[in-house]
Amino acid sequence: MREVICVTKRYRFSAAHRLYVKGFSDEENARIFDACSNPNGHGHDYYLECRISGDINPETGMLMNPEELDRIVDPVIGELDNKRLDVEVAYFREYQPTGENILRYLWERLRGQLGDRQIHLRLSETSSSYFEYFEESNYPYEC
Amino acid sequence: MASRKLLTKKMEFSASHSYWRPEWNEERNKDMFGKFASPHGHGHNYSLEVTVEGEIDTETGMIVNLYDLKTLMKEVLIDFDHKHLNKDNPRFEKLIPTTENVAKVLWEIFQEKLSDNGQCSLYRIRLYETPDLYVDYWRS
């Protein structure tokens, strides 16, 4: 029998965005992006669940010290917290600040810093929508 | 295609634990456990989710009687609730009660308690230390 352990830590940040295509009229954007294209923007409380799986370190009894995870995740989240993403964050001037792209950005920023640990990220934009990003080798994910 | 049927029951308990190995000096403890290092400990309101897997009984319509599972969880948690896990629970005499290890110990206890049950088997233990930090433990 194989032992499986996952530690999940949830982080929150609040950000505003507007989804739109620059060359399109407000009407065209409204047709594609609906309420998300309000020209003045709108915001969400995002929750990022960062899940790490691996083995318990026998010395510390931990898989990863949550403090160490905070040191990696907090600054990345901090750059998005209380920002208008498509205006104030360079990446989202290039890519639509959709939940999918925000999660891809977070994955790209965090993946390299977490070494060879298996990670699984989940971003909730509202209580009824969330997005997931993980490596195929980590699939099917049983948690 | 085979289907899986799961049932989860949740229960809260409050306990303290300390991240401190007495055989290490203060510097090493602080180095390994960071801000959590203290011989005195700190506490949490834990939330335990026990997930079992089994077939739905044709007569009762249940995988397991939730009342029986609740009674079992209450019995098991007597040794955890309002306890200092390092000092009051012999299972943590030599094992640091990190959330990972508490989840592992709870898996072992519930697996044993449910082993002769005939109805369902333990599928997963999920243990929330805080609403923002939890551990999943299972064996497959």
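## Exercises on a two-chain predicted model

β1 of chain A and strand β5 (residues 133-139) of chain B pair in the antiparallel sense over 7 bridges, where strands are said to pair if DSSP finds at least two bridges between them. This is a predicted model, in which local features need pLDDT of at least 70 and side-chain atom pairs count only at pLDDT 80 or more, while totals for chains, interfaces and linings use all residues. Residues are numbered from 1 along each chain as its sequence is written, and chains are lettered from A, and ligands numbered from 1, in the order in which they are written.

### Exercise 1: the contact between the chains

Describe the side of chain A that touches chain B, and find the bridge partner of A:I5 in β5(B).

**Solution.** Begin with the definition: two residues are in contact if their C-beta atoms, placed from the backbone, lie within 7 Å. On that basis the contact takes 21 residues from chain A and 18 residues from chain B. Next, assign the chain A residues to elements, which are DSSP runs numbered from the N terminus, helices being H or I of at least four residues and strands E of at least two. Two or more residues come from each of β1 (3-17) and α2 (66-78) of chain A, and β1(A) provides the largest share, 8 residues. Then sort this side by residue class, which gives 10 nonpolar, 4 polar and 7 charged residues; here Ala, Val, Leu, Ile, Met, Phe, Trp, Tyr, Cys and Pro count as nonpolar, Asp, Glu, Lys and Arg as charged, and the others, Gly among them, as polar. Finally, the bridge partner of A:I5 in β5(B) is B:Y137.

### Exercise 2: the nonpolar cores

Which elements give two or more residues to the largest nonpolar core, and which gives the most?

**Solution.** A nonpolar core is a set of buried Ala, Val, Leu, Ile, Met, Phe, Trp, Tyr and Cys residues joined through C-beta atoms within 7 Å. A residue is buried if 20 or more other C-beta atoms lie within 10 Å of its own, exposed if 12 or fewer, and partly exposed in between, with C-beta atoms placed from the backbone. The largest core has 33 residues, and those with the most contacts inside it are B:A103, B:L106, B:I125, B:L127 and B:V135. The elements giving two or more residues to this core are β1 of chain A together with β1 (6-17), β2 (42-54), α4 (99-114), β4 (120-130) and β5 of chain B, and α4(B) gives the most, with 7 residues. Apart from this core lies another, of 16 residues, among them A:A15, A:C50, A:L85 and A:L103. Returning to B:A103, and leaving aside its neighbours within four places in sequence, one finds it in contact with B:I125, B:L127, B:V135 and B:Y137.

### Exercise 3: two loop residues with positive phi

Where does A:N82 lie, and is B:H82 buried or exposed?

**Solution.** Take A:N82 to start with: this residue lies in the loop between α2 and β3 (83-84) of chain A, and its phi is positive, about 60 degrees, although A:N82 is not a glycine. A:N82 counts as exposed because it has 11 C-beta neighbours inside 10 Å. Turning to chain B, B:H82 lies in the loop between α2 (66-77) and β3 (83-84), and phi of B:H82, a residue other than glycine, is likewise positive, near 55 degrees. With 12 other C-beta atoms within 10 Å, B:H82 is exposed.
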